[in-house]
Amino acid sequence: MLAVAIPATAQQPQNQLPDPENREKYINEVRRYKHDFLAKDLDLSREQQREFFPVYDAMEDELMKINDETRELERKTTTNAEASDTELEAAAQAIFSQKQREGEVELQYFDKFRKILNNRQLLRLKNTERKFTQQLVRHHRRLRTEKNAADSARKRQQ
């Protein structure tokens, strides 16, 4: 699944986001893979999966919105040479408080997850998310290395 999801962004130049349609496709593919990974690693029953993933996806959407808003504010403020000290401070405050806002969202969802997951699954959730992210990063790095090797070989042949 990762082999399908990652190449869409691997083709993008550095610091350039995919267009909204490709970004949405990529997010959905990664989300499906993440669902499979979480279900397997947490040993979720079918019933738990039906209840858990809509709630989990809602949390992920809220976290993504916080991240997107923060990055957009940072981008706008950084590129605005006319930004006032007040605007710069407000942007910096938003960036520094992003993790706190994310933590508040996660705590709200913790109570919802407690109704679906058993205590062992609940305890393992954050570690499983970290494992997923590490696997995704390793896969992306491997694809980038392979692409760079192919580009180098192509240049040598020319």
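# A walk through an all-helix model

Let's start with one residue: Thr-77 is found in helix α4, where helices are DSSP runs of H or I with at least four residues, strands are E runs of at least two, and numbering goes from the N terminus. Buried or exposed: which is Thr-77? With a relative accessible area of 10%, Thr-77 is buried; the cut-offs are under 20% for buried and over 50% for exposed, with partly exposed in between (1.4 Å probe, protein chains only). Leaving out neighbours within four places in sequence, Thr-77 is in contact (heavy atoms within 4.5 Å) with Ala-83, Glu-87, Leu-88 and Ala-91.

A word on what you're looking at. This is a predicted model, in which local features need pLDDT of at least 70 and side-chain atom pairs count only at pLDDT 80 or more, while totals for chains, interfaces and linings use all residues. Residues are numbered from 1 along each chain as its sequence is written, and side-chain values use heavy atoms, with hydrogens and water left out.

The protein chain averages a pLDDT of 87, and 89% of the residues score at least 70; pLDDT is the predictor's confidence in each residue, from 0 to 100. Confidence peaks in α6, at a mean of 96, and bottoms out in helix α1 (residues 2–5), at 41. Residues 1–15 have pLDDT below 50, and in the model this stretch has 26 contacts beyond near neighbours in sequence.

Now the overall layout. The protein chain has seven helices and zero strands. Buried residues make up 30% of its 158 residues. Among contacts between residues at least 6 apart in sequence, 74% join residues at least 24 apart.

On to the packing. The axes of α4 and α6 come within 10 Å and cross at roughly 170°, the axes being lines fitted to C-alpha atoms over the stretch in contact, with angles from 0 to 180 degrees between N-to-C directions. That makes α4 roughly antiparallel to α6, since angles over 145 degrees count as roughly antiparallel, under 35 as roughly parallel, 65 to 115 as roughly perpendicular and the rest as oblique. Residues making this contact include Phe-52, Tyr-56 and Ile-66 of α4, and Val-105, Tyr-109 and Phe-113 of α6.

The axes of α3 and α4 come within 12 Å and cross at roughly 135°. That makes α3 oblique to α4. Among the residues that meet here are Ile-27, Leu-38 and Ala-39 in α3, and Phe-52, Tyr-56 and Met-64 in α4. In the loop between these two helices lies Asp-43, which has a positive phi of about 55° although it is not a glycine. Asp-43 counts as exposed, at 60% relative accessibility.

What sits inside? The largest nonpolar core has 18 residues, of which Phe-52, Phe-113, Leu-117 and Leu-125 touch the most other members. A nonpolar core here is a set of buried Ala, Val, Leu, Ile, Met, Phe, Trp, Tyr and Cys residues joined through side-chain atoms within 4.5 Å. Helices α3 (20–42), α4 (46–79), α6 (98–114) and α7 (119–157) each supply at least two residues of this core, and α4 gives the most, with seven. Which residues does Leu-125 touch, not counting those up to four places away in sequence? They are Leu-38, Leu-42, Phe-52, Tyr-56, Phe-113 and Leu-117. Apart from the largest core lies another, of seven residues, among them Tyr-26, Tyr-33, Phe-37 and Leu-136.
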